[in-house]
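This briefing concerns a single protein chain. The points below are grouped by topic and refer to the structure shown here.

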Amino acid sequence: MTTLPDRPNTALLVIDVQNGVVAGAHDRDGVIANINTLVGKARAEDVPVVWVQHSDDGLERDSEPWQYVSELVRRDAEPLVHKTYGDSFEGTALEALLAERGVGQLVVTGAQSDGCIRATLHGAFVRGYDVTLVSDAHTTQDLSEYGAPAPNQVIAHTNLYWQWQGAPGRRAKTVDTAEVTFTADAG
C-alpha cells in the first residue's frame with residue numbers, strides 16, 4: 001500500500017489530453033473514449049478527477065492547441081493543474097491537492113506515454129503513491145522519424161515496464177479500462 005500515511009483515497013489523473021498534444025496520437029479516439037468511461041465511473045463513485053494541462057513555448061497557454069479536446073468535459077468543481085514540466089508534480093499544486101483529498105493511490109491516463117505520462121508515473125511513485133497505469137487510456141504521437149519506436153510499441157513497452165515496478169510499501173501496476181476499480185486496492 002501507499003507509503004503516504006492517512007491517505008486511503010484514489011484519484012483519477014487525466015494528463016494533457018489537449019488538442020495540440022493528441023492531434024496525431026495513436027488511437028486518439030479510442031483512448032479518449034476510454035478516458036471518458038473512466039471519468040464517468042470516477043464521478044459516479046465520487047472519486048476525484050484531476051485534470052492536468054501542459055503549456056510551454058510550443059503549446060501556448062489559452063491557444064486552441066492548448067485547450068482540452070472537446071470530447072472531454074471538466075466540471076468546474078474538478079481541479080485543474082497547470083504544468084510546464086513533464087512530471088505533473090513539478091512546480092505545481094498537485095501534491096497539495098491530493099493531500100487535502102486524502103489521496104494515496106493514483107489512476108493515470110492521458111498523453112504522451114513516453115513523456116508526461118512516464119514522468120508523472122515515476123514522479124508519483126517516488127513520492128510514495130501507489131500508481132495504476134490504464135493500459136488502453138494513454139497514447140503518444142509517432143516520433144519514429146527521430147529514431148523512436150512506432151507509437152504502438154512505445155505504448156506496449158510503457159505498459160510492460162510499469163506492471164513490474166516495485167518499491168517498499170508501494171505498488172505499481174497496469175490494467176485495462178474495464179479492470180479499473182477506484183478502491184484502496186485499485187485495479
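**Charge, fold and strand pairing**

The chain carries 14 positive and 26 negative charges, and the mean positions of these two sets lie 6 Å apart. The model is predicted.

Surface and burial
- The exposed area of the chain is about 8,400 Å², of which carbon and sulfur atoms contribute 50%.
- Of the 187 residues in the chain, 49% are buried.

Overall fold and dimensions
- The chain contains five helices and seven strands.
- In sequence order, these elements form the pattern β-α-α-β-β-α-β-α-β-α-β-β.
- The chain is as compact as a globular protein of its length, because its radius of gyration of 15 Å is close to the 16 Å that the globule rule gives for 187 residues.
- Along the principal axes, the C-alpha atoms occupy a box of roughly 45 × 35 × 30 Å.
- Among contacts with a separation of 6 or more, 78% join residues that are 24 or more positions apart.

Strands E2 and E3
- Strand E2, residues 49-54, pairs with E3 in the parallel sense, and four bridges connect the two.
- Trp-51 is located opposite Leu-80 of E3.
- Strand E3 spans residues 80-83, and its covered face consists of Val-81 and Lys-83.
- Leu-80 and His-82 form the uncovered face of E3; Leu-80 is also the residue that Trp-51 stands opposite.

Technical notes. Residues are numbered from 1 along each chain as its sequence is written. This is a predicted model: local features need pLDDT of at least 70, side-chain atom pairs count only at pLDDT 80 or more; totals for chains, interfaces and linings use all residues. Side-chain values use heavy atoms; hydrogens and water are left out. The radius of gyration is taken over C-alpha atoms; the globule rule is 2.2 Å times the number of residues to the power 0.38. Buried means under 20% relative accessible area, exposed over 50%, partly exposed in between (1.4 Å probe, protein chains only). Contact means heavy atoms within 4.5 Å. Accessible areas come from the Shrake-Rupley method with a 1.4 Å probe; for residues, only the protein chains shown count as cover. Lys and Arg count as positive and Asp and Glu as negative; His and the chain ends are not counted. The place of a charge is taken as NZ of Lys, CZ of Arg, CG of Asp or CD of Glu. Two strands pair if DSSP finds at least two bridges between them.
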